[in-house]
Amino acid sequence: MTTPLEAAEPAAVQAAGPGDARPTHRGTVQYALSKAGGALFSIAMVIVGTFFLFRLLPGDPVRNLAQGRNMTPAQLDLERRRLGLDKPLIEQFVDFVGDTLRLDLGTSYEYKRPVLDLIGERLGPTLLLAGTGLVIAVSLGIWQGTRAGWRHGSRFDRFSTGASLVLWSVPTFWLGLLLMMVFGVGIGPIPGLFPFRGIESVDAPDGFAYILDVASHMVLPCLTLVAVVYAQYLLVMRSSLLEEVSQDYVTVARAKGLKDDDVRRRHAVPNALLPTVTLVFMRVGFVVGGAVTVETIYTWPGLGQLFYEAVRVPDFTLMQGTFMLITVAVILMNTLADVVYHMLDPRVRAA
């Protein structure tokens with residue numbers, strides 16, 4: 001005999017079986033493949049745009065490289081042929097696309113070394129700085145966002161939100177120069193507390209003392225990077241938590257007599273974390289790209305400083321390689337964020 005509860009259930013639910021998870025899995029795979037296709041198209045557009053974008057920059061690489069050297073016009077032409085700059089632009093583009101597909105980013109004009117080797121040497125310092133800054137920014141943003149959202153309208157909420165918005169609005173280069181002047185050089189009664197050039201001292205020690213030396217050099221650039229990044233995590237976490245607090249399940253949990261700390265930690269925060277987790281994936285590439293300004297200010301020997309040095313020449317092959325790496329990282333992280341969000345949020349899968 002069919003019970004009233006069973007009769008009220010839709011036929012699709014009554015017929016559900018173990019194999020019904022397949023459509024969801026298949027849908028996730030199809031979604032991931034569609035996003036991967038979009039990412040490949042975006043990367044292709046980046047390859048095309050990168051080549052023509054940097055050719056619009058003023059300056060002649062050969063003449064800039066020849067500064068301080070008495071080179072005749074014939075020698076300049078010979079150098080131009082050696083670099084392949086005497087070929088028609090379309091022919092240069094075809095060569096560039098072919099080399100890129102073979103993962104050959106060419107040889108730097110200035111350093112006369114493979115671009116991939118230069119990127120490999122500078123990638124470590126950038127990942128160290130950007131990774132440390134990202135971890136601190138995410139932790140600080142989630143903690144402050146949770147506390148501000150749970151205590152909406154409190155003094156802490158108003159102060160933390162206002163301070164984060166001010167720091168987010170400040171230009172990165174201006175904040176970096178200000179911190180360098182105050183805590184690096186020293187101003188008035190405030191002495192210079194931290195080194196602000198490079199990643200290590202000239203007479204850097206060995207062992208654990210070397211780690212402390214690198215950490216001291218990281219303080220100001222990492223502080224600059226965190227100050228302009230953490231606000232977005234705070235604001236997203238705060239708004240997500242405010243939305244969750246108004247949901248019925250929070251009211252029910254409180255009605256059961258659960259403590260506010262338990263309601264926040266076990267119910268509201270896990271659901272509010274989803275948009276923030278997605279934002280973390282999306283911003284990983286942008287944090288690496290945003291480190292360009294910070295590395296230039298503090299002469300941090302990473303990809304940002306390498307890109308700045310390439311622009312000064314201009315060194316087309318080096319600019320193309322570093323710019324593509326940063327841009328592709330942003331595209332891949334955005335694609336991964338979309339897929340993770342699709343997997344974690346059933347509302348997106350249902351749509």
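How are the helices H7 and H13 oriented to each other? They are oblique to each other, as one of the close-up views below sets out. The structure is a predicted model, in which local features need pLDDT of at least 70 and side-chain atom pairs count only at pLDDT 80 or more, whereas totals for chains, interfaces and linings use all residues. Residues are numbered from 1 along each chain as its sequence is written, and side-chain values use heavy atoms, with hydrogens and water left out.

**Figure 1. The whole chain, with its 15 helices and two strands.** Helices (H or I, at least four residues) and strands (E, at least two) are DSSP runs, numbered from the N terminus. Of the 351 residues of the chain, 38% are buried; buried means under 20% relative accessible area, exposed over 50%, and partly exposed in between, with a 1.4 Å probe and protein chains only. A contact is a pair with heavy atoms within 4.5 Å. Among contacts in the chain with a separation of 6 or more, 74% come from residues 24 or more positions apart. The chain exposes about 19700 Å², and carbon and sulfur atoms supply 65% of this area. Accessible areas come from the Shrake-Rupley method with a 1.4 Å probe, and for residues only the protein chains shown count as cover.

**Figure 2. Helices H7 and H13 where they meet.** The two axes come within 7 Å and cross at roughly 135°. Axes are lines fitted to C-alpha atoms, for helices over the stretch in contact, and angles run from 0 to 180 degrees between N-to-C directions. H7 and H13 are therefore oblique to each other: angles under 35 degrees count as roughly parallel, over 145 as roughly antiparallel, 65 to 115 as roughly perpendicular and the rest as oblique. The contact is made by Leu118, Ile119, Arg122, Leu123 and Thr126 of H7 together with Leu303, Gly304, Gln305, Leu306 and Glu309 of H13. By class, five of these residues are nonpolar, three polar and two charged. Ala, Val, Leu, Ile, Met, Phe, Trp, Tyr, Cys and Pro count as nonpolar, Asp, Glu, Lys and Arg as charged, and the others, Gly among them, as polar.

**Figure 3. The surroundings of helix H13 (residues 303–312).** Seven of the ten residues of H13 are buried, so this helix is largely enclosed by the rest of the structure. The buried residues are Leu303, Gly304, Gln305, Leu306, Phe307, Glu309 and Ala310.

**Figure 4. The crossing of helix H8 (residues 155–169) with H10.** The axes of H8 and H10 come within 8 Å and cross at roughly 135°; the two helices are therefore oblique to each other. Their crossing is left-handed. A crossing is left-handed if the near helix is turned anticlockwise from the far one by less than a right angle, and right-handed if clockwise. From H8, the contact involves Asp157, Ser160, Thr161, Ala163, Ser164, Leu165, Leu167 and Trp168, and from H10, Ala227, Val228, Tyr230, Ala231, Gln232, Leu234, Leu235 and Arg238. Ten residues of this contact are nonpolar, four polar and two charged.

**Figure 5. Gln144 of helix H7 and its contacts.** Gln144 counts as buried, because its relative accessibility is 13%. Leaving aside residues up to four places away in sequence, Gln144 touches Phe156, Ser160, Tyr230 and Leu234.

**Figure 6. The crossing of helix H9 (residues 172–185) with H10.** The axes of H9 and H10 come within 10 Å and cross at roughly 140°, which makes H9 oblique to H10. H9 passes H10 in a right-handed crossing. Thr172, Leu175, Gly176, Leu179, Met180, Phe183 and Gly184 of H9 meet Leu220, Leu223, Thr224, Ala227 and Val228 of H10. The residues of this contact divide into eight nonpolar, four polar and no charged.

**Figure 7. Val219 in helix H10 (residues 208–245).** Val219 counts as partly exposed, because its relative accessibility is 30%. The C-alpha atoms of Val219 and Gly133 are separated by 9.9 Å, while the two residues are 86 residues apart along the chain.

**Figure 8. Leu103 and Lys112 in the loop between helix H6 (89–101) and helix H7 (115–150).** Leu103 has a phi near 60°, a positive value in a residue other than glycine. For Lys112, also a residue other than glycine, phi is positive and near 55°. Leu103 counts as exposed at 67% relative accessibility, and Lys112 is exposed with a relative accessible area of 53%.
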